[in-house]
Structure formats: structure tokens, C-alpha cells
Amino acid sequence: MERTVPLPLYYQIKQDLLESMESGRLQPGDRLPSERELTEQYGVSRMTVRQAIGHLEQEGFIRREQGKGSFVAPAKLEETLVGLTSFTEEMQRRGLVPSTRVIRIETVQSERVAAQLSLPADQPLYALERLRLAGGEPMELEQLYLPVHMVPGLPELDL
């Protein structure tokens, strides 16, 4: 630790651990050294280590398990609305394998939804619910309402 640098020690520890995660020395699922080990490694108090770990947990970089320790969390995907791309394209761009599970598809009538879509109240709609996955991990639950007349035969399509 650089005690001459005007950055708090907990912040330096946090940044060092983040660097280990970004460089791949610490992978998602890896257990971090214990508080005691980090205290010895960095030559700081346990409270300083706890503060660094607490910040990493709050920011979603690690997760703690009671009695087991702290573990590197899976990489977070950050949403950016730069361009309009499909879920499949976006996941492939990130090097992940996209997949979809249809949870529900049925024909419904909903005055509320029809009104939101500026359709007649008695307009039949498809209610479609899909789980979108990337690398086998759930990423989003998609719920759609589509006018039946716009996509005839939707339930028979491979979604």
C-alpha cells in the first residue's frame, strides 16, 4: 500500500482487488482471501479491509456467503442505448451464447393492454413471456403483447 499517496487505504485495496478481477487473476466464482489474509497482505487494519470489501459488495463485484467467505461475482453487463440491436446480436457481440425459453404464449383479451396499444378493447392479443439467457445464465424476462392479426400463427413459430 502506498501510504504516501493521498488516497484512502481501503480505496487502494478495493482498486487492487478490482485490477485482479479485470486482469483475470481473480475469476468469477473465485474465493477472495480471508479478511485476516488481506490484513496481513496489505499491512492494514481489519476495519480497513472490511471497508474495501463492503464497497466491492455494494457495487456488485463480489458476493459474501455467511461462513464461507467472499467470492468474485459474475461480470456485470451494463446496458447502453447507443444503437438498436437484438438481444441475440448484443449477447454475441459480448462473446456470450444467447438462448431463449418460451414460458408462456396464449391468446388473451385485455382492455388495459389494448388501450395502451391504441387498439379496440375487444382486440385479441398474444401474451408472450420468454426467458432470455446468455451463456446459460438468465438475463431478462421478456413479456410482450402482440395483436393476433399482426402475427397470425405465432404459437406455431420457433421463438
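**Exercises on a predicted model**

Q123 is buried, with a relative accessible area of 14%, and this value, like the others below, belongs to a model that is predicted.

**Exercise 1.** Determine where Q123 is placed and which residues Q123 touches.

*Solution.* Begin with the chain: Q123 sits in the loop that connects helix 5 (111–116) with strand 4 (125–134). Next, leaving aside residues up to four places away in sequence, we find that Q123 touches V108, Q109, P147 and H149. Finally, look at H149 again, since the side chains of Q123 and H149 are joined by a polar contact of 3.2 Å.

**Exercise 2.** Decide whether L146 is buried, partly exposed or exposed, and describe its surroundings.

*Solution.* First locate L146, which belongs to strand 5 (residues 137–147). The relative accessible area of L146 is 26%; because buried means under 20% and exposed means over 50%, L146 counts as partly exposed. Then turn to the contacts: when residues up to four places away in sequence are not counted, L146 touches P124, L125, Y126, V151 and L154. As a last step, compare chain and space, for L146 and V108 are 38 residues apart along the chain, while their C-alpha atoms are separated by 10.0 Å.

**Exercise 3.** Describe the overall form of the protein, from its elements to its dimensions.

*Solution.* Start by counting five helices and five strands, which follow one another from the N terminus as α-α-α-β-β-α-β-α-β-β. The C-alpha atoms fill a box of roughly 70 × 35 × 30 Å along the principal axes. Now consider the radius of gyration, which is 24 Å for the protein, whereas a compact globule of 159 residues would have one near 15 Å. To finish, note that 30% of the 159 residues count as buried.

Notes: Residues numbered from 1 in each chain as written. Predicted model: local features only at pLDDT ≥ 70, side-chain atom pairs only at ≥ 80, totals over all residues. Heavy atoms only, no water. Helix = DSSP H or I, 4+ residues; strand = E, 2+ residues; numbered from the N terminus. Buried < 20%, exposed > 50% of the residue type's maximum accessible area, 1.4 Å probe, protein only. Contact = heavy atoms within 4.5 Å. Polar contact = N/O pair within 3.5 Å; in protein donor to acceptor, adjacent residues only side chain to side chain. Rg over C-alpha atoms; globule rule 2.2 N^0.38 Å.
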